[in-house]
Structures are given as C-alpha cells and as structure tokens.
Amino acid sequence: MSTNSVSERKINSGVALEIEKEKNKEPIKGERNILITSALPYVNNIPHLGNIIGSVLSADVFARYSRARRYNTLFVCGTDEYGTATETKALEEGTTCQELCDKYNAIHKQVYEWFELDFDYFGRTTTRQQTEIAQDIFMKLYKNGYLSEDAMIQLFCEKCQRFLADRYVEGTCPKCNYEDARGDQCDSCGQLLNATELVNPRCKLEGSTPIMRESKHMFLDLDTLQKTVEDWVIKTSVEGKWSTNSKTITNSWLKEGLKPRCITRDLKWGTPVPLEEMKEKVFYVWFDAPIGYLSITANYTPHWEKWWKNPDDVKLYQFMGKDNVPFHTVIFPSSLFGTGEDWTLLYHINTTEYLNYENTKFSKSRNIGVFGTDAKDTGINVSVWRYYLIASRPETNDSVFTWKEFIAKNNNELLANLGNFVNRVIKFSASKYNSIVPEFSYDKIEEKEFIENIDSLLKNYIETLENVKLRAGLEIAMEISRLGNGYLQESKLDNSLFQNNIEKCSTVIGIAINLIYLLSALFFPYMPSTTESICRQLNAPLRDIPDTWTIDILPGHKLGKAEYLFKKIDDKKEEEYLNRYGGGDGKVAETKKKAKKGKNVNTVTNNKSSKIVNG
C-alpha cells in the first residue's frame, strides 16, 4: 500500500489486525491460548481434495478465525514419514526412504502454500526431536509398568526372508469378505485388523503365501489405563463439545474393552526402540506418529513443553478424518497418561466423513479426481476451491465433489452474491463520489433495524465458529452478504437515487462500505486472498472480527480501485474437466450421460481421508 493511500485513510483506530509469524511463540498467562493440529498427511502421495478438506484446510479455517479474534494461536502440522507405506513406495520408485520423504514433503508444502494454508510451522516426523521425544515417552511408560513384552505370531515371507509388516500383506477381510483388505485395516468395512486374521493372506511384494513365525514385541497395556481414559472422555467430550461421531467411535472402543496393543514392528524405517534386546525393531506408527505433533512443535520452538505440558493455559483443537478418531481419543491419550506427566490433552476433536469424486473414488493411479497440484493447474481462483470445499464439507455424512456443483457455486453464489455486492458498491462510489466516502448518518429507523439484523447475525457467526461449525459459519457470512445486496435493492441504489435523494444515497453507500469491511473479516478464515482484494478496494488494513458491528470507515476516506473478486465459469467447462480429471478418457462424462437416461449407475464407495499414520 502506498504512503499516499494510507494518508488518505479515515478509519477508526484499533480495528487493524497485524498477523505476524513469531518464532518461538509461547502461551500467555491469562489470555486465550489455542493450540491447533491437523492430521499429519502421508508423505508418500500427493494429497487430493478429500485429504485437504479432511484435516489441513478445516484446521486452517479455524486457525485464521482464532487469529482474527486476537487469540494467541499456534497451528502446527507436517508430513508423517515413517512406516511401511514409505518403505513400500520407496521400493516402487526405486529410491531410498529418505529421498522419497524429501521429494514428497516438498510437494505437500507446495500444495498447501497454494491453498493458502497458514501454518505457524509445517514440519516432518523424520527428525532428531521425534526420536528423542518418542523414546522418552516410551521409556516412561516402560518404567511406570504400562508396557509388557509378549511373543507375537507374525506372517513371514520365505521368498523375501523378512517379517511382513501389516502394509506388506493383503487378503480377504474376515468380517466383510472384501478380497483386498490390508493387514491393518479393511478399506471396505473399516474394521481394524491384525495381518494374521486375513483369510488367504499374500505377500504384497512377491505375491507368495506367507507362513506364521513367532517374534517378540512390546505392548502398551491399554486395559490398565481404561478407567483413566474413560473418566477423561466423559468429562472432556462434554466440555469440548465433541462431534457425535467422535463420541460414538470412542465409546464403542471403550465399551468393547481396551486390550494390550502392540507398539513395535520388525521394520528398518522408523523410530528405533530404545531397548537393547529390541534394537532391530522400530515403533509402530499408531504409537509413534501422534508424537509427531510434539516433535514438530519442538522443531518450531525449544519451549515446546510450554504448549504441550500446560493444560491450565492451553486448549488443544485437533482436526482429522473420522478414521483417525480412536488414535486421538484413546491410544495417544493413553500413552500420555501412562507417563505420569501433566500433558495438554485433546479438548475439541473435529472430524469429517469422506469426500468422494463424482461417481467414484479418488485414484492417482487411474487419473481420477482432483489432486492438490491439479487444482492450481485449472487456473481457477484458490478462493473458489476453498469456498467449495468448506461449503461441501462432509461434517455429518459423506459428500461428493461434482464439477456441476462446483461451477454453480462459483457462478450463483460467489459471483452473484458476494462478488456482485462488492463490485456494485465500489464502482458506484467511484462513479458518483470520486471514490471518497461521503458524509452519512445512520440514525433513521430502517438503518437502525438493518444494523441490528447484521449484528444479530454477527453474534451467531461468532458463536458458530466458537463451536467449530465451519460450514455453518460460512453460510452465515454469505447470508450477511445477501442482506447487503437486499439493502441495495430495497434502497433502490441507482442514478435516480443519487440525483433525487443524495442524503439517502450517501447513507446507503456509507453503510454498504462498512458492511463490506465487516465481510472482509468474516470471509478471512475461508477465503484470505478474497479478503486481501476487498481490503485493497477499500484501501483499508486487514481487520479483526469484532464482537459487534461498528461503523469504522468514516466520511472522507479514500477508496481504492475496483477489482473483480470472481469470474464466471462457463457451464460447458464441466465436460472438459470431467474428461481431464475423470480418468482422461471421458468415462465419467459418459457415465453421467447414462445416468440422465435412467440407466443404473454404481454408487460410490468411501475413500480414505488424510490420516495421521501409515500402518
């Protein structure tokens, strides 16, 4: 912003929001300290839209909201890099595990930067801090008597001459008979499995039938920690307003009864087990990966314990897909309870169901679906992507991405509602008032009622976001914009009003300009680059989200130049996008045509959301 434009501002003091990235940010006693994590994405792939909305984008919206409310906020994430999935992918690509992690960590960073995800720190789990913290927690559990050694029957591949980690085994699910279930979980029914439970198991590397062989491992005695976890869940799930599905999934685990769970594996790529007799083994990622939240924070600041061992002053909000719930509400808290230390435990858990693509699952190998790098290549404004994903966020049920709906939301909601309101007011002000906010009053009854209506919706917006209802918050912001358009229509803002009743016209412009400024703050969590454009057009600084709506842009203020917030997307682009991202051969488009003719179309099946661990 030029010095001249700043000097021409007439804006109340105290509303400007300065968001600066601090190194070594710490909790502040007596203030509201918010610690936010999103599920650590697998390093060995390119995230698709379901992964993005499932954790990182949702967490970013809440982090931006918290900052705009002036809460002391720390938002951390990073790539989950240890485990069988990484070893498998490295074998496929003919590279080392570290080289693979370096490659995909960079890709993840690029994708998230384009999606305007504003982490305080984005790290990774392959660090010295991860090893130190994970081993420290393990040894405290060991010394406190919450670990036990036991022999475990595992699958051993004679061709490979190795014990097969769960991800190296496939077979038929004993529960639903799905033929391609993994050794740790069935993708069809979601049942958690042990590899030895699979019917007709086969080695994923060689295709041969493995044999059973005994191996000694360490187990976390969850059964001895069940009462502690249950009491904590009962209290925290109410205080933190956990979602219904989070409580249901957690309670089903507790009702069934917790059992000792193996937390070591016969692998090379992972955090080493710090026991001499198990020096060739590593931690199982279900135990190791959640500790990544702590180690990533430790890479951000040496004072990480001020965040993670400070339950009196810090509230922890965690975002993830529903398949990750028990590992955050049962296993990870159990690991922390067992150390005997006073940890900052989960306060609010925010989960999503699954986002599917058109009539099928996302699949990079089959070139089906929109992945992070694809979104950028379309040339469509990132704000449209963020808006669509939040507006379609699968909060209580699975949802489906369709190009038809995507285009409609851009044209009929963003462009027709918010884009039209801002552009109409800024251009009218430039044409009739030389981009100078006129003298205006708002003491008449219709203006007072309008301001009261907006203020009521603002309070509703804040309450909704405080309860982390992200989709509903976006709907309220759009409703406020709709009321703005309605106010212009009811006031009959046009050349005639300017010529015949300039006092009324000036009031409408003054109130509309200030409403746009409020909207810039309300949309900041959802569409930050759109907010930046609005602020440029208003020649105003980024502002906070206030408790009540006040008139802060004053008469005499010089506005900036008009910009188009959104562009119309031609409906004909739907088929182009379907052919490009639906498999590359028009199959999805053809399926949609058949559906319109009344032919049967197979229903979609769930895809996995971004997860914290890779078994």
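1. **Ile 19 and its contacts.** In this predicted model, Ile 19 is in contact with Arg 67, Phe 524 and Leu 542, leaving aside neighbours within four places in sequence. Ile 19 belongs to the loop that runs between helix 1 (3-7) and strand 1 (33-38). Its relative accessibility is 31%, so Ile 19 counts as partly exposed. A C-alpha distance is also available for a remote partner. Ile 19 and Asp 494 are 475 residues apart along the chain, and their C-alpha atoms are separated by 38 Å.

2. **Domain layout.** The chain is divided into two domains. Domain 1 takes in three segments, 36-145, 231-245 and 281-352. Domain 2 is 416-558. Their C-alpha centres lie 38 Å apart.

3. **The interface between the domains.** Here 15 residues of domain 1 meet 16 residues of domain 2 in contact. About 1500 Å² is buried between domain 1 and domain 2. Carbon and sulfur atoms give 58% of that area. Which three residues supply the most of the area that domain 1 buries against domain 2? They are Arg 64, Tyr 65 and Arg 69, with 39%.

4. **The annotated region.** An unreviewed UniProt entry places the feature "domain: Methionyl/Leucyl tRNA synthetase" at residues 34-425. Over residues 34-425, the chain is 42% helix and 20% strand. The end C-alpha atoms of this stretch are 37 Å apart.

5. **Helix 9.** Is helix 9 (residues 292-300) largely enclosed or exposed? Eight of its nine residues are buried, so helix 9 is largely enclosed by the rest of the structure. The buried set is Gly 292, Tyr 293, Leu 294, Ser 295, Ile 296, Thr 297, Ala 298 and Tyr 300.

6. **Aromatic pairs.** The structure holds 39 aromatic pairs. One of them joins Tyr 112 and Phe 119 in an edge-to-face arrangement. The ring centres are 6.1 Å apart, with 75° between the planes. The planes are over 60 degrees apart, so the pair counts as edge-to-face. Tyr 112 has 2% relative accessibility and so counts as buried. Phe 119 is buried too, with a relative accessible area of 9%.

7. **An aromatic cluster.** One cluster draws on residues from several parts of the sequence numbering. It is formed by Tyr 357, Phe 362, Phe 371, Trp 385, Tyr 388, Phe 401, Trp 403, Phe 406, Tyr 577 and Tyr 581.

8. **Charges over rings.** Arg 32 places its charged end over the ring of Tyr 71, 4.3 Å from the ring centre. Arg 543 does likewise with Tyr 517. There the distance from the ring centre is 5.3 Å.

9. **Phe 498.** This residue lies in helix 17 (residues 495-500). Beyond residues up to four places away in sequence, Phe 498 touches Phe 428, Lys 432, Tyr 433 and Cys 505. Of these contacts, Tyr 433 also has a C-alpha distance: 9.8 Å from Phe 498, at 65 residues apart along the chain.

10. **Positive phi at Asn 367 and Lys 492.** Most residues other than glycine have a negative phi. Asn 367 has a positive phi of about 60° although it is not a glycine. The residue is found in the loop between strand 15 (355-357) and helix 12 (372-377). At 37% relative accessibility, Asn 367 counts as partly exposed. Lys 492 also has a positive phi, of about 55°, and is not a glycine. Its loop connects helix 16 (470-491) and helix 17. Is Lys 492 buried or exposed? With 60% relative accessibility, Lys 492 counts as exposed.

11. **His 557.** His 557 sits in the loop between helix 19 (528-538) and helix 20 (573-581). Why does His 557 count as buried? Its relative accessibility is 0%, and buried means under 20%, so His 557 falls in that class. Residues up to four places away in sequence aside, His 557 touches Glu 8, Arg 9, Lys 10 and Ile 11. The other contacts of His 557 are Ser 435, Ile 436, Val 437, Leu 538 and Asn 539.

Key: Residues numbered from 1 in each chain as written. Predicted model: local features only at pLDDT ≥ 70, side-chain atom pairs only at ≥ 80, totals over all residues. Heavy atoms only, no water. UniProt positions renumbered as here; feature names shortened; annotations may be inferred. Helix = DSSP H or I, 4+ residues; strand = E, 2+ residues; numbered from the N terminus. Contact = heavy atoms within 4.5 Å. Phe/Tyr/Trp six-rings, centres within 6.5 Å; stacked < 30°, edge-to-face > 60°. Buried < 20%, exposed > 50% of the residue type's maximum accessible area, 1.4 Å probe, protein only. Lys NZ or Arg CZ within 6 Å of the ring centre and 35° of its normal. Domains from an automatic or database assignment. Buried area = accessible area lost by both parts, 1.4 Å probe.
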